[in-house]
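Let's take a walk through this structure together, one region at a time. Have the sequence and the 3D view open as you read.

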Amino acid sequence: GEIIHLEDYRPTDFVLERVDLTFELDPRETKVEARLIFHRREGVSPDAPLILDGDELKMTGLLFDQEEILAANYDVADDSLTIRNLPATAPFEITITTELNPEANTKLMGLYRTSHVYCTQCEAEGFRRITYFPDRPDVLAVYTVNIIADKQTAPLLLANGNYLGGASMGDGRHFAAWFDPHPKPSYLFALVAGDLGVVEDTFTTMSGRDVALKIYVEHGKEPRAAYAMDALKRSMKWDEEVFGREYDLDIFMIVAVSDFNMGAMENKGLNVFNDKYVLAHPETATDADYANIEAIIAHEYFHNWTGNRITCRDWFQLCLKEGLTVYRDHEFSADQRSRTVKRVAEVRHLKAEQFPEDAGPLAHPVRPTKYREINNFYTTTVYEKGSEVTRMLATVLGADLFKKGMDLYFDRHDGQAVTIEDFVACFAEVSKRDMTQFSLWYHQAGTPLVTASTAYDAAKQIFTLSLEQMVPPTPGQSTKEPMHIPLRLGLLLEDGSEAVLSSATGAEVTGDVIHLVERKQTVTFTGIVSRPVLSLNRGFSAPINLHFEQTPADRAHIARHESDLFARWQALNDLALPNLVAATAIAREGAKAECDRALIDALLAAAADARLEPAFRAQALALPSEADVAREIGSNNNPDAIHAGRQDIMTAIAKAGRDIFSTLADEMVVDGPFSPDAASAGRRALRNTALSYLVYAENQPDRALDAFKSANNMTDLSQALTILAHRFPDDRKTVEALSAFKARFGDNALVIDKWFTIQATIPGADALGRVRTLMADPLFNSTNPNRVRALVGTFAFSNPTGFNRADGEGYRFLARQILDIDPRNPQLAARILTSMRSWRSLEDVRAEHARNALREIAAAPKLSVDVSDIVERMLK
Ligand code: DPP
Ligand code: ZN
């Protein structure tokens, strides 16, 4: 659990040339033989020992060039192996034998079992749980893998690369050999063995090579992999067309497993997925599930170039592969669906997850400089903010130079393990821009606050925009430098046209982008014939908090007339937030809040505007969440008041728009057989949003109950059930609907996860009791990460009133859960604990309870490094 610092990086003393692995698989006694060929790096002292990483390993054999090593020449512990007196220059072979118990591996790191399937997860540091190894991403080697297993229970034997061959062994076992010609770091190693069904297809690459595509799932679930296969082929094609990247092996495999800590893993040629992001069927998957599958299949596939062929020098560079690959999958989804709707969803997610992280005790730079446990840095900052930084790079440079920079990056660094500096240098080189200031986005944590004010001189036709930026202090970084903030903007004129921005002084302006680079900057636009309405940060061109006092009338103008549709959504959001904040204050006094007419009119105008696509209208009508309101208020938060105030506003909008919502509920019915395409999904989204408002207006469950009974797909069914459960939790009809749902889908784990989630997120103080009851349900399973996240995770992350009960019982419950999960699966425990990251912004009584719960965790006698790292940072 020591702190690792970026500045301490140095290359290994020994170069690993080749890796030969043999696995004799057994549920409890798996034998692994690793033959590793090394040579001493030039210039390294001949006395330097070889030090290999391990984690909970048991070594049963150690050879040097096939000879026993003298006991005096090595030291072994369960977490390291040190070998001394090794050759000064000549290559040598070390053979290590270890014994593993996959069945007992509940951490789901290294080699483990899930539903009788052997499977591995090695990122970030799981390979060291398989054998002693230089387990770091800058050690790239070519691997041969031999797998031996029982033929009956494990007819399928998979590893990275291309299949070499296999045979029966006569003792009921068989073997298979795989060879991966691409040098790779150990975190991309994978092995899968078991009895699975397969869906097969082929893809012909841009140079005419045929690639065999295989998706392995549990027997009987093959039809549910069809959409994932379709998404994979579209991803492969898109990466060729947009980034010029071709696949490089003869085979690409995906395996879906039901016990997995993360979403999915991009192992070379053998992706392993949480089955949640592979399996989909109209009766069991929602539109959101389909969109997630498409995005994650693409994400892992895109890693083949951004992550695998070009990998990270060290784990501080995680955003090099993750931020860039998220950006690529965002662009892919935008091209496959509606770009605006996709952008709105991204920004909602960024603000809901990353902004709170960046504003709390867990804030860290996109490229951190120290960590205790790397598993705790697979964060929305590294992923989503990392993606936003890549997007800004494209905005600052423009599409052509960005593409040139990417091409240079691929050409120059293919086959290497590199850094963020290497990446940024490619863009500096092609654009001849000094990227030093821009790079602060990687180094300075915290969401910048930009304050804008404007003036218009009608006589001189001059419009002045004054901008000021401030990056708030974050842990370990008390003072910050001004950043390079690219702000896209539009000046909307009275007649509905847009002012031309060509004559600006005071800032660099490229196209519709202002480059804010100083702490304070005043930009002047001349030739502006009438008072313009400023639309700033179009498309969310920079991930900032914007403080700009704009009148409701101006915001409503943007919401109606902006050519940039994202900005319209943003304007509606900006109209809604002050209403929700005011409603919170009123609710805190025990009174009922009113809603501004400007907001109601703007929302209903968007709802009824048939020129706007339904998915956009649904997003426009979705008010900022309770978490959004809490973030806007910032401190002394009372989740009950936020909830009550928001309910008042929802009801006011619902009543005012009853006719429109009723029309939409009829108009947006999707006829014909189910299709997960974006247009149909958009109609369903708008219809369900309208239904939800109607239930607010009517305040009785019948309409939701009808929707529940008539639904012919999981989107409509789960939405209707959510409305029933959240609004009428104790109604007999709701109770019946919940049990009907459970009875119908009891054998489908992914749907039962939804059943748990819907109930875990029912607002109010009774939620905790409900969660406790659900934990006793036979379908609850505390060892399955998806199930634990569905119940305990969503309760803590997504039930603000239930979790933040004023008596602190929610926090005490979570503390106990964390201490229970931690010994089994520290990664899962640490992740769920981050749900408390904003505890300091709660009002005093709740904050005190939260602090005590965190202290209870911190005081536990035996904590994993994962949990102790998170809890200590949260209490600091
Ligand atoms: N590298 C993995 C990913 O794709 C981590 N789960 O994000
Ligand atoms: Zn990734």
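**Where helices cross, and what lies around them**

In H14, the residues Met-650, Thr-651, Ile-653, Ala-654 and Lys-655 meet Tyr-693, Leu-694, Tyr-696 and Ala-697 of H16. Sorted by class, the residues of this contact of H14 with H16 are 7 nonpolar, 1 polar and 1 charged. Before going further, please keep in mind that this is a predicted model. The axes of H14 and H16 are 8 Å apart, and the two helices pack at an angle of about 95°. Because an angle from 65 to 115 degrees counts as roughly perpendicular, H14 is described as roughly perpendicular to H16.

Helix H16 (678–698) also leads us to another helix, since it is one of the elements against which the buried residues of H12 pack. How many of the residues of helix H12 (residues 614–621) are buried? The count is 8 of its 8 residues, and the helix is mostly covered. The buried residues of H12 run through Pro-614, Ala-615, Phe-616, Arg-617, Ala-618, Gln-619, Ala-620 and Leu-621. Besides H16, their packing partners are helix H4 (339–358), helix H10 (565–588) and helix H11 (597–608).

Move along the chain to helix H13 (residues 626–633), where 6 of the 8 residues are buried, so this helix is largely enclosed by the rest of the structure. Those buried residues are Glu-626, Ala-627, Asp-628, Val-629, Ala-630 and Arg-631. They pack against H4 and H10, and also against helix H14 (639–656) and helix H23 (800–803). Just after H13 comes Gly-634, with a positive phi of about 90°.

Let's step back to the domains. The domain assignment divides the protein chain into domain 1 (4–279), domain 2 (311–443), domain 3 (449–549), domain 4 (550–699) and domain 5 (746–876). Take domain 3 and domain 4 as a pair: their C-alpha centres lie 27 Å apart. Across their contact, 11 residues of domain 3 touch 10 residues of domain 4. On the domain 3 side, strand S27 (485–492) and strand S32 (533–536) each supply at least two residues. By class, that side of domain 3 has 4 nonpolar, 4 polar and 3 charged residues.

A second helix pair is worth a visit. Helix H3 (residues 318–336) and helix H5 (residues 380–397) have axes 7 Å apart and pack at an angle of about 70°. That angle makes H3 roughly perpendicular to H5. From H3, the contact takes in Leu-318, Cys-319, Glu-322, Gly-323, Leu-324, Val-326, Tyr-327 and His-330, while H5 brings Val-382, Tyr-383, Glu-384, Gly-386, Ser-387, Val-389, Thr-390 and Arg-391. By class, the contact of H3 with H5 has 8 nonpolar, 5 polar and 3 charged residues.

Glu-322 deserves a second look, since this residue of the H3 contact is also among the residues around ligand 1. Which other residues are found around ligand 1? They are Glu-123, Met-262, Gly-263, Ala-264, Met-265, Glu-266, His-299, Glu-300, His-303 and Tyr-378. Strand S20 (264–265) and helix H2 (287–302) each supply at least two residues of this shell. The shell divides into 4 nonpolar, 3 polar and 4 charged residues.

From the ligand shell, Glu-123 takes us to a feature of the backbone: the peptide bond from Glu-123 to Ala-124 is cis, with omega near -5°. Ala-124 sits in the loop between strand S11 (117–121) and strand S12 (141–150).

Other loops hold positive phi values too. Gln-66 is not a glycine, yet its phi is near 70°; this residue is in the loop between strand S5 (59–64) and strand S6 (67–68). Is Gln-66 buried or exposed? With 8 other C-beta atoms within 10 Å, Gln-66 is exposed. Asn-85, again not a glycine, has a positive phi of about 55° and lies in the loop between strand S8 (80–83) and strand S9 (92–100). Asn-85 has 13 other C-beta atoms within 10 Å and is therefore partly exposed.

Our last stop is Pro-49, in the loop between strand S3 (30–40) and strand S4 (50–53). With 17 other C-beta atoms within 10 Å, Pro-49 is partly exposed. Leaving aside its neighbours within four places in sequence, Pro-49 is in contact with Thr-82, Ile-83 and Arg-84.

Key:
Residues numbered from 1 in each chain as written. Chains lettered and ligands numbered in written order. Predicted model: local features only at pLDDT ≥ 70, side-chain atom pairs only at ≥ 80, totals over all residues. Helix = DSSP H or I, 4+ residues; strand = E, 2+ residues; numbered from the N terminus. Buried ≥ 20, exposed ≤ 12 C-beta atoms within 10 Å, placed from the backbone. Contact = placed C-beta atoms within 7 Å. Axes fitted to C-alpha atoms, helices over the stretch in contact; angles between N-to-C directions. Parallel < 35°, antiparallel > 145°, perpendicular 65-115°, else oblique. Nonpolar A, V, L, I, M, F, W, Y, C, P; charged D, E, K, R; others polar. Domains from an automatic or database assignment. Near = placed C-beta within 6 Å.
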